[in-house]
Amino acid sequence: IDGIDLSLCPYVTLPNDWDGYLESLSANTRQKIRRLLKQVDARGEYRITVATPKTFAADLTNLLRFWEARWRSRKGDRMDGLVRSNNLMLTRSFQSGLLFLPTFWHGDRAVAALATLLDPRKRTFSFYMTGRDETFDGPPSGVILHAFSIRHAIANGFTEYDFLRGNEPYKYSFGCAERRLRPTILETRNGRNLGGRIDPRSIPD
């Protein structure tokens, strides 16, 4: 769909410092990121907040609202279930300290948010979901949120920023290499559960 290969996973190997990362980018991208982050760092009309226990519910609601508006026409009847499952999964991830959720604001108006899953053991940031207000006519919120997240990841000792599935062109402006997924399906001969029953561990869910 849209010419995107979902078997390709762009990722960035992060250096030890932010300036070192910027030097690995093209001159145009480096200047663009510096200019955009300067706008949010100045705390003028634009700002970025990071979800806290007090703000998380509202921040997640904004993210899922933006994401739903963007994809409902394509997901159709599946959308309500996807919103519920993502709400549950991202809430559990945040409660476990494994979710980074920054929101980009224009004044008091939330215009975009980005959810990234954290793997402290592998020191990896994995971009999971983003959403934005399609009516916002201002700086590119996606570039700003990804650059902000990469800078945060470097500052906190993470060594990889994984864009996960999809070779959308914008990802490669951040200095990505790529991996190709080679999926394997493992199933029983008759296609039913082992022993013909539900695994007891799945019953609560």
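Let's start with two helices: H3 and H4 are roughly antiparallel to each other, because their axes meet at an angle of about 150 degrees and angles over 145 degrees count as roughly antiparallel. In this predicted model, helix H3 covers residues 56-75 and helix H4 covers residues 79-95, with the two axes 10 Å apart. Their crossing is right-handed.

Which residues in H3 and H4 meet? On the H3 side you will find Phe56, Leu60, Leu63, Leu64, Trp67, Glu68, Trp71, Arg72 and Lys75. Facing them from H4 are Met79, Asp80, Leu82, Val83, Asn86, Asn87, Leu90, Thr91 and Phe94. Sorted by class, this contact holds eleven nonpolar, three polar and four charged residues.

Now turn to another pair of helices. H2 (residues 27-41) and H5 (residues 141-155) have axes that come within 10 Å and cross at roughly 85 degrees. That angle makes H2 roughly perpendicular to H5, because angles from 65 to 115 degrees are put in that group. From H2, the residues Lys32, Ile33, Leu36, Leu37, Val40 and Asp41 take part in the contact. Their partners in H5 are Val143, Ile144, Ala147, Phe148 and Arg151. Here the classes are eight nonpolar, three charged and no polar residues.

Next, zoom in on a single residue. Thr124 belongs to strand E6, which covers residues 124-132. Is Thr124 buried or exposed? Its relative accessibility is 11%, and since buried means under 20%, Thr124 counts as buried. The side chain of Thr124 reaches the backbone oxygen of Lys122 at 3.3 Å. Leaving aside residues up to four places away in sequence, Thr124 touches Leu117, Leu118, Asp119, Phe158, Glu160 and Asp162.

Finally, step back and look at the whole chain. How many helices and strands does the chain have? There are six helices and eight strands. Reading from the N terminus, you meet them in the order β-α-α-β-α-α-β-β-β-β-α-β-α-β. The C-alpha trace spans about 60 × 35 × 35 Å along its principal axes. Of the 205 residues in the chain, 38% are buried, and Thr124 is one residue that counts as buried. Contacts also link parts of the chain that lie apart in sequence: among contacts with a separation of 6 or more, 69% are between residues 24 or more positions apart.

Methods: Residues numbered from 1 in each chain as written. Predicted model: local features only at pLDDT ≥ 70, side-chain atom pairs only at ≥ 80, totals over all residues. Heavy atoms only, no water. Axes fitted to C-alpha atoms, helices over the stretch in contact; angles between N-to-C directions. Helix = DSSP H or I, 4+ residues; strand = E, 2+ residues; numbered from the N terminus. Parallel < 35°, antiparallel > 145°, perpendicular 65-115°, else oblique. Contact = heavy atoms within 4.5 Å. Nonpolar A, V, L, I, M, F, W, Y, C, P; charged D, E, K, R; others polar. Left-handed = near helix turned anticlockwise from the far one by under 90°. Buried < 20%, exposed > 50% of the residue type's maximum accessible area, 1.4 Å probe, protein only. Polar contact = N/O pair within 3.5 Å; in protein donor to acceptor, adjacent residues only side chain to side chain.
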